[in-house]
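Please report on the fold, core, cysteines and internal spaces of this protein chain. Keep it brisk.

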Amino acid sequence: MTVTYTSKVATSKGFGCFLKVLFRWRASIYKLVWTDLIVYLFMYYLLSGIYRYLLDNKQKETFESLVAYCNQYNDLLPLTFILGFYVSIVMTRWWNQYITIPWPDSIAVYVSAFIDDNDERGRLIRRTILRYVCLCLTMVLANVAPRIKKRFPTLKHFVTTGLLLDTELSVFYDIHKKCSKPSKHWLPIVWATSIVTYARREGRICNDFAVKTLIDELNHFCGNCSKILHYATISIPLVYTQTVTLVVYTYFLTRIIGHQWIQTSESNFDMYFPVFTVLQFVFYMGWLKVAEILINPFGEDDDDFEVNWIIDRNLQVSYLIINEMQTSLSTIEDLLKESDDLINHFNTGQEKMREEEI
């Protein structure tokens, strides 16, 4: 799940507010770039050792000319513009995918309000509708998230966990034989709308407006689930990703040569460790790694969405709303009376405080 650190920097008072988060390893820039940095330094010191100890004078002159050539034309690569624009697109897409994830809370509230019968059949209707809603999202996440695919590798595993019945599984198989390719995540929502109309015919839903509200909420939920599949199907154009990757790696391959110390340089100071070269590598390569881990937020990186938690949370909250929050009229009247007494007590306290101030 995305690593949160805002509690560590809740206030900017004092010195070095962000220094508190610089030494975290999980989801840090150090964890992202350390392997690439080791390879980069190995290649840098390999060329440096060859230049210092293995080349003769004529070969050194050729190498020095190559260093000057790389320094002259290296800055022509539009690295900052291309990389910054690409990361901006990836970040926007990453956040849009998160806010697209539908939550069943509003549907559970509507179901609890419109189907408020406290008998066993009313409870079963409410639970079945929310089970179908959670099943819809879980099936979508199983198509896009490796973690959920490992948890639910086949439809039979939905039966094992209680999200799907054996009779419903047979319906899935029958439809799959007729049309195998498209996702069937919409099928539980169709069943849920059928239950809503059936509850209306039984008189468990008081009016047609409530039916329309529930069906609209179910359609909106299914539409957001489809958007998640669209994000997984339609990626950022591959040519753009390839361009950015080629620019970054080409830039640093030329930097390995261009930042070598040579005898004919203007400065005679021999910096054995390329400090600013390493800093430049960490900044730009870290920028690219950010795009790499955020381009698919349903994966298994540190900053990817905790989809297993989302599934478990949705089931728990949905059943809690439709089961435990059902109250009788007598209980509601008692709550209203207690609330009225509390408000009167609060108003009395406010009047006493104003009198004391005067």
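The report below covers the overall fold, then the core, selected contacts, the cysteines and the enclosed and open spaces.

## Overall fold

This is a predicted model. The protein chain has 14 helices and zero strands. Read along the sequence, its pattern is therefore α-α-α-α-α-α-α-α-α-α-α-α-α-α, with helices and strands taken as DSSP runs.

The chain has 358 residues, and 38% of them are buried. Its accessible surface comes to about 21700 Å². Carbon and sulfur atoms account for 63% of that surface. Among contacts with a separation of 6 or more, 76% join residues 24 or more positions apart.

## Nonpolar cores

The largest nonpolar core holds 79 residues. Two members, Ile129 and Phe298, touch the most other members. Helix α5, residues 120–144, is the top contributor to this core, with 14 residues. A second, separate core has six residues, including Phe63, Val67, Ile257 and Ile262.

What does Ile129 contact, leaving aside its neighbours within four places in sequence? The partners are Val111, Ile115, Ala192, Ile195 and Val196. One of these partners, Val111, returns in the next section as a buried residue of helix α4.

## Helix α4 and its cover

Helix α4 spans residues 105–114. Its buried residues are Ile107, Ala108, Val111, Ser112 and Phe114. The elements that cover these buried residues include α5, α10 (208–233) and α13.

Thr213 sits in helix α10. Is Thr213 buried or exposed? Its relative accessible area is 13%, so Thr213 counts as buried, the limit being under 20%. Beyond neighbours within four places in sequence, Thr213 contacts Tyr110 and Phe114. Thr213 and Val111 lie 102 residues apart in sequence, yet their C-alpha atoms are 9.8 Å apart in space.

Arg313 belongs to helix α13. With neighbours up to four places away set aside, Arg313 contacts Trp103 and Asp105. Arg313 and Trp103 are 210 residues apart in sequence. From C-alpha to C-alpha, Arg313 and Trp103 are 9.7 Å apart.

## Cysteines

How many disulfides are there? The count is zero. A disulfide is a covalent bond between the sulfur atoms of two cysteines. Cys225 is in no disulfide. The nearest cysteine sulfur to that of Cys225 belongs to Cys136, at 3.7 Å. The pair does not count because the cut-off is 2.5 Å.

Cys225 and Cys179 can also be described by their exposure. Cys225 has 0% relative accessibility, so Cys225 is buried. Cys179 has a relative accessible area of 36% and is partly exposed.

## The cavity

A search of the whole structure finds one cavity of 30 Å³ or more. The largest cavity has a volume of about 40 Å³. Its lining consists of Pro104, Val133, Cys134, Leu137, Thr138, Phe221, Ile311 and Asn314. Two helices, α5 and α13 (307–324), each supply at least two of the lining residues. The greatest contribution comes from α5, with four residues.

Thr138, one of the lining residues, lies in helix α5. Thr138 has 2% relative accessibility and so counts as buried. Not counting residues up to four places away in sequence, Thr138 touches Ile148, Phe152, Phe158, Leu163 and Ile311. One of these partners, Ile311, also lines the largest cavity.

## The largest pocket

The largest pocket holds about 740 Å³ of space. It is lined by 22 residues. Which of them are the closest to its centre? They are Tyr5, Ala27, Ser28, Ile29 and Asp303.

Three elements give two or more residues to this lining: α1 (29–54), α3 (79–100) and α12 (275–294). Helix α12 supplies the largest share, six residues.

How values were computed. Residues numbered from 1 in each chain as written. Predicted model: local features only at pLDDT ≥ 70, side-chain atom pairs only at ≥ 80, totals over all residues. Heavy atoms only, no water. Core = buried A, V, L, I, M, F, W, Y, C linked by side-chain atoms within 4.5 Å. Buried < 20%, exposed > 50% of the residue type's maximum accessible area, 1.4 Å probe, protein only. Contact = heavy atoms within 4.5 Å. Areas by Shrake-Rupley, 256 points an atom, 1.4 Å probe, with all protein chains shown as cover. 1 Å grid on protein atoms, 1.4 Å probe; cavity = no way out; pocket = protein on both sides within 12 Å on 5 of 7 lines; lining within 4 Å. Points joined across faces, edges and corners; volume = space filled by probe spheres on them.
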